[in-house]
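Visitor: I am new to this structure and would like a close look at a single part. Could you choose one and take me through it slowly?

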Amino acid sequence: MTSSIAVEASRTPGVAAGGTGSRFIHHPWVGFSLRRLGGLVLSFVVLTVVTFLIVPLIPGDPAVIAAGDGASPAKIAGVRAELGLDLPMLTQFLNYVSGILRLDMGSSFVSGESVSTLIFTRFPFTAEIALLAIVLVLLISVPLGMTVAILTRGGRNKWLDHPFNFLTSLIYSVPQYVVGTLLVVVFAVTLRWLPAAGAASLNSLVLPTAALMLGPVCVISRIVRRETAVVLDKDYVRTARGWRLSALRTHARYVLPNLITTTLTLSGLILAAQLGGAVVIETVFAWPGLGQGIVNAILQRDYPVIRGIILVLGLLATLIIILVDLILAIIDPRNLGGTSSDV
Amino acid sequence: MTTHIQSRPAVLYGAQVSNLNVRFGSAHVLKDVTLAVPAGTVVGLVGESGSGKSTLGKTLVGINKASSGEVLIGGEDVTRLHGKRRRQMRREVQYIPQDPYSSLSPRRTTGQTLAEALDPHGANPVQHREAIAAALERVKLDPSAAEKYPHQFSGGQRQRIAIARALMLEPKLVIADEITSALDVSVQADIIRLLQGMRGTVDSAMLFISHNLAVVQQVCDEVVVMFQGRIVEQGPIESVYRDPQHDYTRKLLASVPGSPGFSLD
Amino acid sequence: MSTGAGLLAALILIAIIAPLTMTQAAEQLTANAALGPSPEHWLGTDDFGRDLLSRALVATRLTLLMTAGAAAISVVAGVAIGLAIWLAGRRVREVALRVLETAVAYPSLIFALVIAAVLEPGVSSAVIAIGIAGIPGFARITANLASSVSSSEYVVTARLLGVSPVRIAARHMLPNMAEPLLILSATVFALSLVEISALSFIGLGVQSPQYDFGRLLNDSLGALYTQPVEAVGPSVMIALTGLSVMLIGDALAAQADPRAKRSFFRRSLQRDRTAGVPAGDTALVRAENLRISIPGGPQLVKNISLSIDPGEVVALVGESGSGKSLTAMAIAGLPSEDLAVEADMLRVGEMNMLASPDQSRLAKDISIVYQDPGTTFNPSLRMGSQLTEVLRTHLGMGGAKARQVIIDALANVNITQPAQRLRQHPHELSGGMRQRAMIAASIVTSPKLIVADEPTTALDVTVQTDVLRQFRRIHREQGTAMLFISHDLAVVEALCDTILVMKSGEIVERLTSAQLAARDVHHPYTKALLAAIPTLEPAPAPATAGAPTP
């Protein structure tokens, strides 16, 4: 599900923590790159520590699980030594870190498959539906939100307010997995138009993507509507009216560009949150992506896989946010100053 | 206090600033600022936006940090203070902000706001009822104002409450930062009259920051002119206004609509 | 508000009553397995013969309790951490904010999965996992809100009074943050519901024999082909619960947003685009009995009449609330959309401003200069693109030609390197420069009328003089008529031919500049206004340190 809290967090007036950057860095792109690199390193460090801690914190002995049911104490001890679980904590951590840097995150307890390979096979499936969903979300919600805002500006067309609020609230209140389940019931089970599960054909993409995007379409169109209403009240829109520009020109040149920063920032957070939504959606549709992978891994207590996928999803989320910042900075160099999520 | 204060004539002053420098990163915002605001007087600080006048005000109250130089408040250098003493000295310098609509907490009554000035820990308006009434009286407001919330007052009345709050502690120095700029001219005139009427009844020194030279002339005893982070001229109002020495001061004086040098041609 | 609150109340009632009365139907194993919907079992039964409707209703209690628990953890800990971050020193705050930023970017559901993986699956671990996963987001919101509230002047002043940070947080910040935090709490509740149900749905939350909405949905997934109706109960219940909270949040937000209270009023426009100008009426602008009011509310401008001759500079002077800007904007054809504008006549040249005159003609004939040059330009477009709008749109000029015209006009108002300025964004220019650019753009169409709404109020005095000089020069060189709005009699005295003094929506006095210069004024308000305007006193001040009397 989309993290609307993250959305709100980025919307509220920011803390001027970054400010205009350090006094030592004069070129804006240098400061920008350093800050983003710093952010990436920070989340990498946090993620590494957190994923490492999963194993010591988890109840039960990982060696017992790895050795399989009914293994002899000797075998368990062997497995423990093999996995390095008998080493001091610090050594284990260092081994873990050096493993990550060599892209070696161990092998699955269950299948014995290398975790890196598993991630590389599963990743494209998740990326496919997540990217498709976000592109469609933006294409639908920006025009929708703007249109509703323009139609209802200054208290016009009040009749539109309630249906829009109610419908977006309603659809947003239905979790993605419920939407998914209902879509399966209607289109796969009852109408038999589309496959209910698996990733066999392009048709299989339709239902998971639809389930993933309906909620975000509602949130983002609400946000776009609210932001548009704010921009419509700005003095420069009045200036454009004073120049008697046509409605189309005013909205395209004086309203839309001033929505982009907020909308893209939020979309970045929402795309990142899609990774969470994908977890559940993939379970509903038996979609062979990272989400299904991690759920299976958690149910089977397959620690190396849990660690690997959590790490990758976390880095992906960070990368998405950085990518959005980069796009914003290219579109409008004023965004170079602070993090856009601070704005 | 100690002998080192007695050795300085600065004890006479509400505030004495010497060679104050403020830098924000690579920007040198205040350059070698030296000025005195004697107790019981009002010193006007004029200059255009970006001249550093607001930065000076904020540095004196401790919102901005001095890079070098001395700020003596009642003879004590506040830039070197730490911990408890610093917090105590903070109460000796009070600040009246420009916008009367954001300077009062919307969810607190005037009484609560003023009580907090007297007693930052308890802030009980009942305990301090008389002091609050006296403070309101001083700014020509009815004692019943203590029960009301900021939204029930006009901009001018709110500014009076802000003035009452700043003077309540009888601080050594009050910084009035463009306190009439956001007001209508007739309301501004009321505040000017109020400040003029307080003359001689207030021991605090006041630094009156303004971009309006005519207002400064009516309210202040002395004037300090800032330009690009430096003080370019200072002295008694009459002599500076009659015989300005610096080009910038002349330009400022000639820019006041209705002044003798003002011309659009 | 009422819809959402009613819905939530009904759900709470169900949560209380259903477990008391329906537990047997919901949990008793019977032989009536896997029945379709029937009068006895509205939603049918599951494979064990349990009534599905009863199960969905009984599950409401556990779901609501879990959601409330998780939301409470997120909100309480989030507010505490957010405030603590604000209370901490600068260094700690910056690091903490960076960490929060990273944490917020991380999908909270996956975060919850990690926690759920560490804990044994079950009710309490689901609540804890979702609760903790929601903390960073709420902490960040609180920290952001705290930072915006703490930069407000009442907090700064309280700090200067020596109020301790903890007391500032309790007395000044929390009360002023309560409303947005409450609205966001509704969102947190909705989110927690979705995520807790999601955990149960994928099998990491509530375990059999206990059941919540998510667990029921999970059960239905296995029977999706044989018994699709099984998914209906829990789906509808989740949707209704989420909806009720969302609607409450919407209503709270709408209450806090003044925009939502606006009512639109469709101004009736006259059909005739051209106004009949009687022979002998040489005025460029004529307003007769102009009335502006809030529909169904007070009248803001009351029957005022004025005229502007070609080449005449007329000032409207008054304090805030006098109606001077409303009048000017009505004359310019840009009245605020929620106001009713009526008049016996309102024309500029032959254009009937009570109708909808030709837009190109309006753009060419009337130029407007606004008060705050900091906000009148679109921050995302370059200056050149904006300043040439009218030339390109309404005069049909090509881009290159329009740029050249604007470059010349900018040079005329003493803007250095005009060609380079056109490539800059508004924020790269000073306020005075932006205002001069606005003036330059306003004259390139050779308008008949310039409406200037307090064009110097936001500027420094020295810049103000410069800008006023530009108006004077334009008037002298092009003979453009102007309607100049100001609160400062001294400013208009130097610039205007005719001065109209406005108070509470009425013109109380009409003066020529000569009358004003001679202080030949009669209305008490004008006199009061004149007295109130601080002017430099050339008179020698007393030699003592005493106060010069006003």
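Guide: Let us start in chain A: among its contacts between residues at least 6 apart in sequence, 71% join residues at least 24 apart (two residues are in contact if their C-beta atoms, placed from the backbone, lie within 7 Å). This is a predicted model, in which local features need pLDDT of at least 70 and side-chain atom pairs count only at pLDDT 80 or more, while totals for chains, interfaces and linings use all residues. Residues are numbered from 1 along each chain as its sequence is written, and chains are lettered from A and ligands numbered from 1 in the order in which they are written.

Chain A has 14 helices and zero strands (helices are DSSP runs of H or I with at least four residues, strands runs of E with at least two, numbered from the N terminus). Of its 343 residues, 47% are buried, that is, with 20 or more other C-beta atoms within 10 Å of their own.

Now to the part I have chosen, chain C and its neighbours. Where chain C touches chain A, 79 residues of chain C and 74 residues of chain A take part. Among the elements giving two or more residues to the chain C side are α8 (165-201) and α9 (213-222). That side holds 45 nonpolar, 21 polar and 13 charged residues (nonpolar: Ala, Val, Leu, Ile, Met, Phe, Trp, Tyr, Cys and Pro; charged: Asp, Glu, Lys and Arg; polar: the others, Gly among them).

Let us zoom in on those two helices. The axes of α8(C) and α9(C) come within 7 Å and cross at roughly 40 degrees, so α8(C) is oblique to α9(C). Axes are lines fitted to C-alpha atoms, for helices over the stretch in contact, with angles from 0 to 180 degrees between N-to-C directions; under 35 degrees counts as roughly parallel, over 145 as roughly antiparallel, 65 to 115 as roughly perpendicular and the rest as oblique. The crossing is right-handed, the near helix being turned clockwise from the far one by less than a right angle. Among the residues that meet here are I196(C), L199(C) and F201(C) from α8(C), and F213(C), R215(C) and L217(C) from α9(C). By class, this contact has six nonpolar, four polar and one charged residue.

Chain C also touches chain B, with 46 residues of chain C in contact with 52 of chain B. Here α8 of chain C again gives two or more residues, but α18(C) gives the most, with seven.

Technical notes. Buried ≥ 20, exposed ≤ 12 C-beta atoms within 10 Å, placed from the backbone.
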